[in-house]
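Subject: Structure handover

Hi,

Here is the structure for you to look over. My notes on what turned up follow below it.

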Number of protein chains: 2
Amino acid sequence: MIAKTPTPPCCAVIFTSVRTEGDDGYAATAERMLAPAADQPGFLGVESAREAVGITVSYWADLEAIDRWRRNLHHQEAQVLGRAKWYAAFRTRVVRVERDGGMAGPEAESWAG
Amino acid sequence: MIAKTPTPPCCAVIFTSVRTEGDDGYAATAERMLAPAADQPGFLGVESAREAVGITVSYWADLEAIDRWRRNLHHQEAQVLGRAKWYAAFRTRVVRVERDGGMAGPEAESWAG
């Protein structure tokens with residue numbers, strides 16, 4: 001699903017990763033992180049896809065919201081396991097969204113693009 | 001592949017899309033756009049994955065490099081076809097990368113994270 005983010009400015013985290021072999025609890029934890037992330041103040045939406053690399057873009061109102069989520073205890077546990085078990089390599093890029101445009105499909109009526 | 005981008009600041013375009021049914025020339029054009037994009041001054045790398053949505057993040061030295069690529073004639077032809085045929089919905093977000101960290105795998109030795 002394409003995230004219905006508001007008119008910029010907002011912020012985002014681009015998390016690009018290469019997984020290790022096997023699941024090893026990964027899918028359950030990834031699923032379990034979604035609800036508390038979405039409950040954080042300032043959370044705006046998330047987009048995700050994985051082939052050879054996985055790309056997850058989470059959108060946030062400001063950098064403070066991103067820092068709060070980074071310091072969240074459940075998320076910190078997941079970060080430790082991610083480094084130890086799930087990711088062969090990853091990169092986390094914190095960005096400011098400056099311009100935003102597009103074409104809305106039937107599932108994205110609420111933004112004009 | 002995780003893009004080996006330099007220490008921030010740099011810029012990026014997050015292109016998130018939902019495809020229409022069928023290929024209709026899409027794959028060939030997507031492949032054909034990679035070489036001229038990579039030849040553009042200021043191009044730094046690209047990451048891409050598709051499941052229910054496709055996410056392509058291209059990294060650029062500055063906003064001017066992004067604007068030059070947006071105005072590139074071959075790319076403009078592809079943009080017209082994208083709106084007309086290939087995408088049910090898409091969103092293009094132009095961002096500034098402010099922070100960058102991670103964990104390098106064997107295929108990403110050249111950056112420290």
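Where is the place of Asp24(A)? It is in the loop between β1 and α1 of chain A. Please keep in mind that this is a predicted model. Phi of Asp24(A) is positive, near 55°, and the residue is not a glycine. Asp24(A) has 14 C-beta neighbours inside 10 Å, so it counts as partly exposed.

Chain B gives its own version. Asp24(B) sits in the loop between β1 and α1 of chain B. Its phi is positive too, at about 55°, and Asp24(B) is not a glycine either. Asp24(B) is partly exposed because 14 other C-beta atoms lie within 10 Å.

Next, the helices. Helix α1 of chain A covers residues 26-39, which makes 14 residues. From first C-alpha to last, α1(A) reaches 21 Å, close to the 20 Å expected at 1.5 Å a residue. α1(A) is hardly covered: 0 of its 14 residues are buried. In chain B, helix α1 also runs over residues 26-39 and has 14 residues. Its reach is 21 Å between the first and last C-alpha, again close to the expected 20 Å. α1(B) is hardly covered as well, with a buried count of 0 among its 14 residues.

Now the sheet. How many strands does the open sheet have? There are 8, with antiparallel pairing. The order is β2(A)-β3(A)-β1(A)-β4(A)-β4(B)-β1(B)-β3(B)-β2(B). The edge strands are β2 of chain A and β2 of chain B, each of which pairs on one side only. On average, neighbouring strands are turned by 25° against each other, direction ignored.

The two chains meet in this sheet at β4(A) and β4(B). These strands pair in the antiparallel sense over 13 bridges. One pair to look up is Arg93(A), whose bridge partner in β4(B) is Asp100(B).

Moving through the chain B half:

- β1(B) and β4(B) are antiparallel and pair over 10 bridges. Ala12(B) has Val95(B) as its bridge partner in β4(B).
- β1(B) and β3(B) run antiparallel and are joined by 7 bridges. Phe15(B) has Thr56(B) as its bridge partner in β3(B).
- β2(B), residues 43-50, is joined to β3(B) by 7 bridges, and these strands run antiparallel. Phe43(B) has Trp60(B) as its bridge partner in β3(B), and Gly45(B) stands opposite Tyr59(B).
- β2(B) and β3(B) form a hairpin, with 3 residues between them.

β3(B) is mostly covered, with 6 of its 7 residues buried. Set that beside α1(B), where the buried count is 0 among 14 residues.

The contact between the chains takes 37 residues from chain A and 37 residues from chain B. On the chain A side, the elements that give two or more residues are β1 (10-19), β2 (43-50), β3 (54-60) and β4 (87-103). Which of them gives the most? β4(A) does, with 17 residues. By type, the chain A side divides into 19 nonpolar, 7 polar and 11 charged residues.

Then the core. The largest nonpolar core has 41 residues. Ala12(A), Val95(A), Ala12(B) and Val95(B) have the most contacts inside it. β1, β3 and β4 of chain A, together with β1, β3 and β4 of chain B, each supply at least two residues of this core.

Ala12(A) is a good place to start looking. Leaving out residues up to four places away in sequence, it touches Val57(A), Ser58(A), Tyr59(A), Trp60(A), Val95(A) and Val97(A). Ala12(A) also touches Val95(B), in the other chain.

Last, the prolines. The peptide bond from Pro8(A) to Pro9(A) is cis, with omega near 5°. Pro9(A) lies in the segment before β1 of chain A. In chain B, the bond from Pro8(B) to Pro9(B) is cis, with omega near 5°. Pro9(B) lies in the segment before β1 of chain B.

Best wishes

Methods:
Residues numbered from 1 in each chain as written. Chains lettered and ligands numbered in written order. Predicted model: local features only at pLDDT ≥ 70, side-chain atom pairs only at ≥ 80, totals over all residues. Helix = DSSP H or I, 4+ residues; strand = E, 2+ residues; numbered from the N terminus. Expected span 1.5 Å × (residues − 1). Buried ≥ 20, exposed ≤ 12 C-beta atoms within 10 Å, placed from the backbone. Contact = placed C-beta atoms within 7 Å. Nonpolar A, V, L, I, M, F, W, Y, C, P; charged D, E, K, R; others polar. Pairing = 2+ DSSP bridges. Core = buried A, V, L, I, M, F, W, Y, C linked by C-beta atoms within 7 Å. Axes fitted to C-alpha atoms, helices over the stretch in contact; angles between N-to-C directions.
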